[in-house]
Amino acid sequence: MAVAFCWFCPEPALAAAKIDKKSTAAPKDSRQKKQSDPNQPFVWNRPRSKERENERAQMVNRIRWGYGLDESNILKAMQDVPRHWFVPSNQQSRAYLDSPLPIGFDQTISQPYIVAYMTHVLDLDPNDRVLEIGTGSGYQAAVLNEFTPHVFTIEIIRPLGERATETLKKHGYQSIRVKIGDGYKGWPEAAPFDAIIVTCAPDDIPAPLLEQLRPGGKMIIPVGSRWQGQELILVEKNESGKATRRSVMPVRFVPLIREKD
Ligand code: SAH
């Protein structure tokens with residue numbers, strides 16, 4: 001597996017792993033999730049803009065041809081969500097580089113390829129409830145919203161959480177729920193979740209997140225310390241509640257911060 005790290009970026013590594021399709025999504029029908037309600041069509045707001053669409057197309061081409069992530073639903077989502085909406089004004093010219101970018105408070109918006117890859121392994125459908133830990137700019141939450149209206153996201157740094165809430169509201173995202181707090185504890189009132197995505201790295205998988213994952217659900221989470229190396233771990237909980245974990249690629253994310261008691 002070829003891996004390139006971006007040691008100079010403060011944030012998630014340029015993990016140039018090729019996609020191993022067998023190692024990711026389980027067949028949809030093996031998950032035995034709740035059935036969709038035929039009386040409730042899945043229509044929700046997925047904001048669009050033509051601004052900078054050519055730059056987005058180049059970004060998508062890189063994800064497709066550079067990394068081999070050739071999944072039409074993921075590529076469409078990456079094409080449809082305007083990343084520049086979520087990037088600070090001093091980074092606008094870099095909004096469509098395949099690179100993490102600073103968003104203030106020593107945090108970053110993740111590299112587009114990593115966003116695409118992590119979304120891909122969750123294999124979401126419109127019934128799924130998905131929890132994100134680490135709202136940051138709100139971009140990953142907006143990409144998740146392309147697949148399901150049931151997006152819950154937690155940010156520990158209040159000004160970032162508030163800014164992301166405003167950005168999402170301003171651009172018309174109506175169903176994404178943002179909470180300010182310590183995502184280590186998950187969101188018990190909204191649990192269980194069919195999918196959990198963690199975009200900051202704890203030393204180990206937080207027990208509350210594992211508990212809040214529904215049987216048949218998946219969690220994608222970077223684990224390990226910033227300087228000694230992190231692995232992106234895919235956790236799959238079977239129908240009897242047993243969780244298995246396996247490493248899918250080396251990565252480099254900002255650390256998960258704990259709330260002081
Ligand atoms: N997903 C984000 C990028 C995340 S960077 C995006 O699309 O822009 C990681 C984020 O995790 C940072 O904003 C950081 O403040 C947040 N974070 C770190 N520890 C956290 C915790 N315990 N709970 C919630 N958020 C946390």
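**View 1. Who sits around the ligand in this predicted model.** There are 27 residues around the ligand, and the ones that come nearest are Ser137, Glu155, Asp182, Gly183 and Ile257.

**View 2. Backbone atoms that meet the ligand.** Zoom in on Ile257 and you'll find one of its polar backbone atoms 2.6 Å from a nitrogen atom of the ligand. Gly134 also uses its backbone: an N or O atom there lies 2.9 Å from a ligand nitrogen. Over at Gln140, a polar backbone atom is 3.0 Å from an oxygen atom of the ligand. As for how much of the ligand gets covered, it exposes 580 Å² when taken alone, and the protein buries 100% of that.

**View 3. Helix H5 from end to end.** H5 takes in residues 158-170, 13 residues in total. From first C-alpha to last, the helix reaches 18 Å, close to the 18 Å you'd expect at 1.5 Å a residue. Just past H5 comes Gly172, with a positive phi near 95°.

**View 4. The two sides of H5.** Leu160, Gly161, Ala164, Thr167 and Leu168 are the buried residues here. Look down the helix axis and these buried residues fall within an arc of 125°, so they line one face of H5. That fits the usual helix arithmetic: with 3.6 residues a turn, residues three or four places apart point the same way. Flip to the other side of H5 and you get Glu166, Lys169 and Lys170, which are exposed.

**View 5. What packs over the buried residues of H5.** The cover includes strands S1 (101-104), S2 (107-109), S4 (150-155) and S5 (177-180). Helix H4 (139-144) is part of that cover too.

How values were computed:
Residues are numbered from 1 along each chain as its sequence is written. This is a predicted model: local features need pLDDT of at least 70, side-chain atom pairs count only at pLDDT 80 or more; totals for chains, interfaces and linings use all residues. Side-chain values use heavy atoms; hydrogens and water are left out. Helices (H or I, at least four residues) and strands (E, at least two) are DSSP runs, numbered from the N terminus. The expected span of a helix is 1.5 Å times one less than its number of residues. Buried means under 20% relative accessible area, exposed over 50%, partly exposed in between (1.4 Å probe, protein chains only). The arc is that of the directions from the helix axis to the C-beta atoms. Contact means heavy atoms within 4.5 Å. A residue is near a molecule or strand if one of its heavy atoms lies within 4 Å of it. A polar contact is a pair of N or O atoms within 3.5 Å; within protein, one must be able to donate a hydrogen and the other to accept it, and residues adjacent in sequence count only if both atoms are side-chain atoms. Accessible areas come from the Shrake-Rupley method with a 1.4 Å probe; for residues, only the protein chains shown count as cover.
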